[in-house]
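Here are my comments on the model you sent, set out as numbered points. Please read them with the structure open beside you.

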Amino acid sequence: MADADDIRYMSRALQLARRGLYTTDPNPRVGCVLVKDGEIVGEGWHERAGQPHAEVHALRAAGARARGATAYVTLEPCSHHGRTPPCSEALIGAGVDRVVAAMQDPNPQVAGEGLARLEAAGIVTESGVLASESAALNPGFIQRMRNGRPWVRCKLAMSLDGRTALASGESQWITGPAARADVHRLRARSSAILTGSGTVLADDPSLTARPDGMDDSELLQPLRVVLDTRLTLAPTAKLLSQPGQTLVLTASDDAARRQALEAAGAEVAVLPVRDDRLDLPAALRLLGERELNEVMVEAGPTLAGAMLQAGLVDELIIYMAPQLLGDAARGLFHLPGLATMADRVALTIEDIRAVGPDWRIRARLK
């Protein structure tokens with residue numbers, strides 16, 4: 001059972017892990033704290049894929065003081081050779097006495113093996129300290145390791161009467177500057193932003209992350225993913241000239257259109273069709289195979305509704321503005337087939353808070 005000190009030091013390790021919120025993809029965000037005789041002797045967090053893990057940074061900071069220390073790690077130390085050597089071996093070599101992990105690594109290559117190696121070397125181990133907080137920091141990595149697809153976060157902005165745009169399609173801006181800045185932070189932590197060709201045609205968005213206070217050199221721009229069944233995207237679309245990469249998913253075999261998009265810098269991949277639209281589960285499986293952890297959907301009501309009805313949305317982020325657009329304006333989701341109250345989509349509100357003059361609602365499907 002975790003005592004107050006274990007919780008305090010693991011809380012610090014989680015605080016460190018959050019520093020990698022925008023930069024660790026496709027790896028998880030991990031923090032580590034080394035404690036000896038009631039004193040923190042080393043700290044570290046994973047900053048970028050291919051660079052040293054949190055444990056290595058903390059061990060380097062501690063030096064010889066790591067011997068006999070307790071290591072608090074927000075995720076089970078790895079036991080396999082990837083881009084970097086196993087952290088479990090580094091902890092063993094440094095002579096730590098105890099390792100406390102917030103949660104077991106969901107990666108099948110690790111999955112308890114890291115803790116087992118530590119125990120075999122005579123190190124006392126414990127896991128489960130602030131496990132839910134650690135899981136909340138890495139929903140996409142956990143989802144991808146367990147289910148083979150990314151965590152899908154669907155972002156929408158609406159008026160108080162549930163409308164996203166006027167009947168003409170005009171929608172800029174429903175929400176205020178604070179909400180839009182919050183969206184850029186969500187984009188920055190995402191591996192990809194997914195939209196439909198209709199949204200690109202209507203709005204010509206950039207779909208880049210521009211969070212306040214972050215230098216472009218610090219930021220990994222999310223992959224832009226456009227679902228374009230019939231390959232109607234124009235090579236002049238604004239998103240094709242932005243920093244980062246664009247992936248167009250289509251069912252079309254039109255070679256000329258494909259070559260035009262590729263010449264404009266896009267990558268094009270062909271997927272099967274289901275119910276006269278791109279196979280959405282297949283699209284997410286493909287993104288999972290590409291090691292994308294978190295995908296943010298920014299789309300119109302048709303694609304957002306289709307993903308919701310297919311059970312592919314893990315989290316809804318809805319910004320609600322204190323204004324009314326009227327009953328002729330466009331709705332939040334296109335959800336055909338809801339004939340009775342028994343058909344309704346039930347949600348659990350996880351969080352609601354003010355963001356400037358607007359409200360942000362975070363909800364999960366029940």
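1. In which helix is Cys-87 found? The model is a predicted one, and in it Cys-87 belongs to helix α3, which covers residues 87-94. With a relative accessibility of 1%, Cys-87 counts as buried, and once neighbours within four places in sequence are set aside, the residues in contact with Cys-87 are His-53, Glu-55, Val-56, Pro-77 and Cys-78.

2. Two of those contacts deserve a second look beside the database record, since UniProt, in an unreviewed entry, places the feature "binding site" at His-53, Cys-78 and Cys-87. These positions span 35 residues in sequence, yet no two of their C-alpha atoms are more than 9.3 Å apart, so the annotated residues gather at one spot. His-53 itself is found in a loop, the one that runs between β2 (39-45) and α2 (54-62). The annotation may be inferred rather than shown by experiment, and I would word any statement about the site accordingly.

3. A second buried position is Asn-138, which lies in the loop between α5 (131-137) and α6 (139-147) and counts as buried because its relative accessibility is 4%, where the cut-off is under 20%. A polar atom of the Asn-138 side chain lies 2.7 Å from the backbone nitrogen of Arg-29. Leaving aside neighbours within four places in sequence, Asn-138 is in contact with Pro-28 and Arg-29.

4. Turning to charged pairs, side chains of opposite charge can pair when their charged atoms come close. The count of salt bridges in this model comes to 23. One of them joins the side chains of Glu-315 and Arg-153, at 2.9 Å from N to O; because Glu-315 lies in strand β15 (residues 315-321) and Arg-153 in strand β6 (residues 151-159), the pair ties together parts that are 162 residues apart in sequence. Both Glu-315 and Arg-153 are buried.

5. Which residue forms a salt bridge with Asp-351? The partner is Arg-360, and the closest N and O atoms of the pair are 3.8 Å apart. Asp-351 counts as buried at 17% relative accessibility, and Arg-360 counts as buried at 15%. Elsewhere, salt bridges that share partners join Arg-29, Arg-153, Arg-189, Glu-294, Glu-315 and Arg-362 into one network. That list includes Arg-29, the residue whose backbone nitrogen was paired above with the side chain of Asn-138, and it also includes the Glu-315 and Arg-153 of the previous point.

6. Are the two partners in the salt bridge between Asp-279 and Arg-274 buried or partly exposed? Their side chains meet at 3.6 Å, N to O. Asp-279 counts as buried, with a relative accessibility of 8%, whereas Arg-274 is partly exposed, with a relative accessible area of 42%.

7. My last point concerns the surface, where Leu-338, Val-345 and Leu-347 form a nonpolar patch with about 200 Å² of accessible area together. Val-345 is found in the loop between β16 (330-331) and β17 (347-355), and at 34% relative accessibility Val-345 counts as partly exposed.

Key. Residues are numbered from 1 along each chain as its sequence is written. This is a predicted model: local features need pLDDT of at least 70, side-chain atom pairs count only at pLDDT 80 or more; totals for chains, interfaces and linings use all residues. Side-chain values use heavy atoms; hydrogens and water are left out. Patches are made of residues with over 30% relative accessible area and no salt bridge: like charges are joined within 9 Å, nonpolar side chains (Val, Leu, Ile, Met, Phe, Trp, Tyr) within 5 Å. Accessible areas come from the Shrake-Rupley method with a 1.4 Å probe; for residues, only the protein chains shown count as cover. A salt bridge is a side-chain nitrogen of Lys or Arg within 4 Å of a carboxyl oxygen of Asp or Glu. Helices (H or I, at least four residues) and strands (E, at least two) are DSSP runs, numbered from the N terminus. Buried means under 20% relative accessible area, exposed over 50%, partly exposed in between (1.4 Å probe, protein chains only). A polar contact is a pair of N or O atoms within 3.5 Å; within protein, one must be able to donate a hydrogen and the other to accept it, and residues adjacent in sequence count only if both atoms are side-chain atoms. Contact means heavy atoms within 4.5 Å.
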